[in-house]
Amino acid sequence: MSNVTLHPDDAPDRPTVETLSPRSDVIEIFKTPVFLAPMAGVTDTAFRVLVRELLGDAGRNLLMFSEMVSAAGVHYRNEKTLAMLETATEERPTAIQIFGSDPAICAEAAAYVEQLGSAAVIDFNAGCPAPKIVKNGEGSALLKNPALLEKILSAIRNAVKLPVSVKIRLGYDSAQINAAEVAKRAEAAGVDFIAVHGRTREQFYSGAADWEEIAKVRAAVKIPVIANGDVKDFDSLDKILETTQAAGVMIGRAAQGNPWIINRLLRYFLTGEKLPPPSVDERANVMRRHLAKIIFYKGERVGVREMRAHAAWYTKGLTGGAELRNMFNRAESAEDFLGVIGLIDGR
């Protein structure tokens, strides 16, 4: 076993958190225990490569999670689904997240992903609140059927040798907070670690994440628990780890338009150093890099369209941000987009 300390020994007021998994590869994962959450439409290869570049050497082993991939799509060899499984050498290690509701199909998909040879972890989604996912009995709908979820996770565990993780929420709604029970079942199924978003499916992303409930999950299992929800700065990082005693923290929406946050929080976690936020010019330069990457991986037409959402996040809080967002939404080419980014410099 090994300990991960939030800051050096000369900062005794900081909490110490413990990794509990006996697998050496999982212990290695938790040596850099700040994780980029899986987010549909956000954490694609372009974004993951960008975050990895901003991390530098200190974060070369930090685990980042992919957008969720349909197990059924893998089963039927759907072209778009298989494209989502592609990873770049520069971004790895990567956890590939799959979702589904049929144990056999989920196990088959997990084995397929493992055979590709590019994943470091197989992650399973049992927390997505999107109506189109839930109505199919997938994502957070599985929190209403813990027995089925356990069967799925057991089937995946038996199908692969890679570490297996699962991401859940506190429960389906406020009347059914069952994350601790679900976590115990996941542990019994052989899952190596678990990430818990401190909200119910009913909440989606509203209200405050309940870190006390995540602490109950941490106390219920011996495998490492990653806390997720409302971590956006140094103070919230300290507080969520102090409250939950989790083995690590997962950053989701706070990374939208803010890929620097992973490096800033990891550096703080490991050394206590508080790196300053990026300047406006740095923001513009990273937007250019992000645009170039998304076009490289997806082509100009798709890349420019998808970059509009990222541009809205990047320009949040900037002077004249609303006008800039309108201009980005009208951009039809990379040249158009770069022209608008040029207006940000020097603001």
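Which residues does Val-34 touch, not counting residues up to four places away in sequence? The list runs to Leu-62, Leu-63, Val-249, Ile-251, Ile-262, Leu-265, Leu-266 and Phe-269. This is a predicted model.

## Nonpolar cores

Val-34 belongs to the largest nonpolar core, which holds 66 residues. Seven names stand out there: Val-34, Phe-124, Ile-156, Val-166, Ile-168, Ile-251 and Ile-262 touch the most other members. Helix H11, residues 260–271, gives the most to this core. Its share is six residues. Two of the names above also meet directly, for Val-34 touches Ile-251 and Ile-262.

Another core lies apart from the largest one. This other core has 21 residues. Among them are Ala-46, Phe-328, Ala-331 and Ile-341. Two of these, Phe-328 and Ile-341, return in the helices described next.

## Helix H14

Helix H14 spans residues 321–330. Its buried residues are Gly-321, Leu-324 and Phe-328. They cover an arc of only 60 degrees around the axis, so they sit on the same side of H14. The spacing fits a general rule. An α-helix has 3.6 residues a turn, so residues three or four places apart point the same way.

What lies on the face of H14 turned away from the buried side? That face carries the exposed residues Glu-323 and Arg-330. The buried residues, in turn, are covered by a set of elements that includes helix H12 (280–298), helix H13 (300–314) and helix H15 (334–342).

## Helix H15

H15 also has a buried side. Ala-334, Phe-337, Val-340 and Ile-341 are buried in this helix. They cover an arc of only 125 degrees around the axis, which puts them on the same side of H15.

Which helices do the buried residues of H15 pack against? They pack against H12, H13 and H14. H15 is in turn part of what covers the buried residues of H14.

## Cysteines

How many disulfides does the structure hold? It holds zero. Take Cys-106 and look for a partner. The closest cysteine sulfur is that of Cys-128, and it is 14 Å away, so the two are too far apart for a bond. A disulfide needs the two sulfur atoms within 2.5 Å. The view from Cys-128 agrees: Cys-128 is in no disulfide, and the nearest cysteine sulfur is that of Cys-106.

Are these cysteines buried or exposed? Cys-106 has 0% relative accessibility, so it counts as buried. Cys-128 has 11% relative accessibility and counts as buried too.

## Backbone details in the loops

A cis peptide bond joins Arg-92 and Pro-93. Omega there is about 15 degrees. Pro-93 lies in the loop between helix H4 (79–84) and strand E6 (94–99).

Arg-77 has a positive phi, near 55 degrees, although Arg-77 is a residue other than glycine. Where does Arg-77 lie? Its place is the loop between helix H3 (71–75) and H4. Arg-77 is partly exposed, with a relative accessible area of 40%.

Gln-245 is another residue other than glycine with a positive phi, near 55 degrees. Gln-245 lies in the loop between helix H10 (234–244) and strand E11 (248–251). Its relative accessibility is 30%, so Gln-245 counts as partly exposed.

Note on methods:
Residues numbered from 1 in each chain as written. Predicted model: local features only at pLDDT ≥ 70, side-chain atom pairs only at ≥ 80, totals over all residues. Heavy atoms only, no water. Buried < 20%, exposed > 50% of the residue type's maximum accessible area, 1.4 Å probe, protein only. Helix = DSSP H or I, 4+ residues; strand = E, 2+ residues; numbered from the N terminus. Arc of directions from axis to C-beta. Contact = heavy atoms within 4.5 Å. Core = buried A, V, L, I, M, F, W, Y, C linked by side-chain atoms within 4.5 Å.
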